[in-house]
Amino acid sequence: MTPDMDEKNENLHQAGREQLTLYGISGSPGIVVGKIVVLSHQQDQSACYRLDADQVESEVERFQAAVTRAEGELVDLRRRFEDDFADTLSIIDSHILMVRDRMILKRTTRLIRDKQINAEWALSRALGLIKEKFERIADGYIRDRFADVKYVAGRIAGQLSGHRPESLAGTAEEVILVSDDFSPEDTIRMQSEKVLGFLTEKGGVTSHTAIVARSLGVPAVVGLEKVTSICKTGDTVILDGFSGRVYLAPTRDQQLQYLEYDRQHRAFSDELAWYIHLSSETVDGLRVRLSANIEMPAELQAVQQYGAEGIGLFRSEFDYFHQDHVPDEDTLFASYRDLLAGIAPDPVTIRTLDVGGDKFAAYLQDSGVRLDLERNPALGLRSIRFSLRESALLVTQLRAMLRASCYGRLRILLPLISSLSELQRVRSILHAIMEDLHREAIPFNPGVEVGIMIEVPSAVVMADTLAAEVDFFSIGTNDLIQYSLAIDRGNEYVAHMYEPLHPAVLRMISQTVEAAHNQGIEVSLCGEMAGDVVTAPVLLGLGLDELSMRPSAIPHVKRLLRHSYFRQLTDLGEKALKCGDGGEVRNLLTGYLPRYYPEEFGNR
Ligand code: PEP
Ligand code: MG
């Protein structure tokens, strides 16, 4: 710590302000200490009035002109930042597309015409309807995307009312910004005005403030209830983007302690960056592919940035949920083609639609898919079961995948397979599609790899039989844990029993690996535990060929791998399989991890 910094921190100490710890969600890692600026957010105070019949068409034109200006503004923003913020341009691109999306445009124009109301009012009612639809989506990532729709609608509303976005132009020093939420564009724009960090009331790990802050390397804590009313401009805080905590009015000692943590973390992440370009293998040469799990094509940049060796899981639901209608074959084809071409020659594993339970876009029901309320959605019509029942959707998706298969290395992944006959039904649909494509002279790769997710205990038990019918396995431990331990993965009351290291889970993984290898096929694991540095060594010891995880976790897991010996890992795996319960496995790790990886586990 330099004397300068000492003095600076001394100045930051605030006498008379009550000390408080606020608990949020880690949005972007890193620690900063600084003064905050609370940005007032625009309340929805748009004018509401009814129109005479002869005013309706000119109101529609006024709305469309605002849409055109909002689009122009975004295009301009994109142009201004394209050199410095290439990582996040895809988000601005998606907003540019969204301005013209039917979701906002058609609904608002219809409301202006049908209800004879002004454009601001119609837009805000349209947004309310879209919000209801998003709220019914169980998948947190996709639900969070409502923030984009809201943001885009906000820009159109800004054009209608003439409001300009806020700026930090008058602020001299570097500050931590606080708001209910930031749009990606705001996050970028503010960053260019020297922002130390972001705190938001709204959002989760997958909100855009979090995504953009991570890609800019700016610490952020999101989901901080009431932070805009608890904190005042001028308050000093410690923002701990690792733990998701914020300390209001910290003592000088606390500030120094956190700045030291930050220094240590920075040194470690600088070191991790070295691993991005190194091969993923143990000291004695055992190679394990480390690939990426992604939810939307916009994450392609991160896949490359963190050195993933392909995409181990593309959750294809995004294309179905970010618009209000079923995507057609051409749309899906274009999306898959770009993904495959962008990653080639590395593989891209595209999973067929994994919806079900309460994870339905409302339009799927509107368009004729009848789903009575299920009593036990996790055991109901989800995933491949839904796709097989609504086979037209499955055929469209598989046709799009096959057409894209010429543009790179595609692996088709079927989720929640629980029996051989289910797999055979998909196989015969795939076969029929191939015959059609052949007849229509549409090119595709007839040797495309087809694999299944192992996430149901029956699939583990039947793994030897199933392995003979597919090209690869991918173990989905998020679901396998839920189904084998009878723990609802989304239920906070039993969350403490959700134990990835339960020996029953580890034995299922080991059994699956053995069955796959006996048939000469590869086996990947794409549940959350693949990217956790505590559980990853055990998984590596169980003989998996590939671990697929969120892109940013790859360098750290690779570092563990490169510091390991094959024999040590298998020894750990064998010992873990013999343990009586998850606690025993964790005790085993408490002895093992600090010994072999002293830098990350030595001080715990
Ligand atoms: C899993 O179940 O482990 C998995 C990767 O799939 P999802 O989390 O999408 O259900
Ligand atoms: Mg799953």
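Is Gln116 buried, partly exposed or exposed? In this predicted model, Gln116 has a relative accessible area of 28% and is therefore partly exposed, as this value falls neither under 20% nor over 50%. The residue is placed in the loop that links α4 (102–115) with α5 (119–135). Its backbone is notable for a positive phi, near 55°, in a residue other than glycine.

A positive phi is also found at Lys226, again a residue other than glycine, with a value near 60°. Lys226 belongs to the loop between β6 (220–222) and α10 (227–230). With a relative accessibility of 53%, Lys226 counts as exposed, because the cut-off for that class is over 50%.

A further backbone feature concerns a proline. The peptide bond leading from Ala344 to Pro345 adopts the cis form, with omega near 10°. Pro345 itself is situated in the loop between α14 (329–343) and β11 (347–351).

Helix α14 (329–343) precedes this loop, and the surroundings of Leu300 involve residues with numbers in that range. Leu300 lies in helix α12, which spans residues 300–305. The relative accessible area of Leu300 is 18%, and the residue is therefore classed as buried, the limit being under 20%. When neighbours within four places in sequence are left aside, the contacts of Leu300 are with Ile311, Leu339, Gly342 and Ile343. In addition, the C-alpha atom of Leu300 is separated by 9.8 Å from that of Asp338, although the two residues are 38 residues apart along the chain.

Towards higher residue numbers, strand pairing was examined for β14, β15 and β16. Strand β14 (residues 472–475) pairs with strand β15 (residues 522–525) in the parallel sense, and four bridges connect the two. Within this pairing, Phe473 has Val523 of β15 as its bridge partner. Strand β15 is also joined to strand β16 (residues 546–549), to which it runs parallel, through two bridges. Here Leu525 is matched with Leu547 of β16 as its bridge partner. The connection from β15 to β16 passes through helix α23 (residues 536–541), and the resulting β-α-β crossover is right-handed. Strand β15 thus takes part in parallel pairing both with β14 and with β16.

Conventions
Residues numbered from 1 in each chain as written. Chains lettered and ligands numbered in written order. Predicted model: local features only at pLDDT ≥ 70, side-chain atom pairs only at ≥ 80, totals over all residues. Heavy atoms only, no water. Pairing = 2+ DSSP bridges. Right-handed = clockwise from strand over helix to strand, strands pointing away. Buried < 20%, exposed > 50% of the residue type's maximum accessible area, 1.4 Å probe, protein only. Contact = heavy atoms within 4.5 Å.
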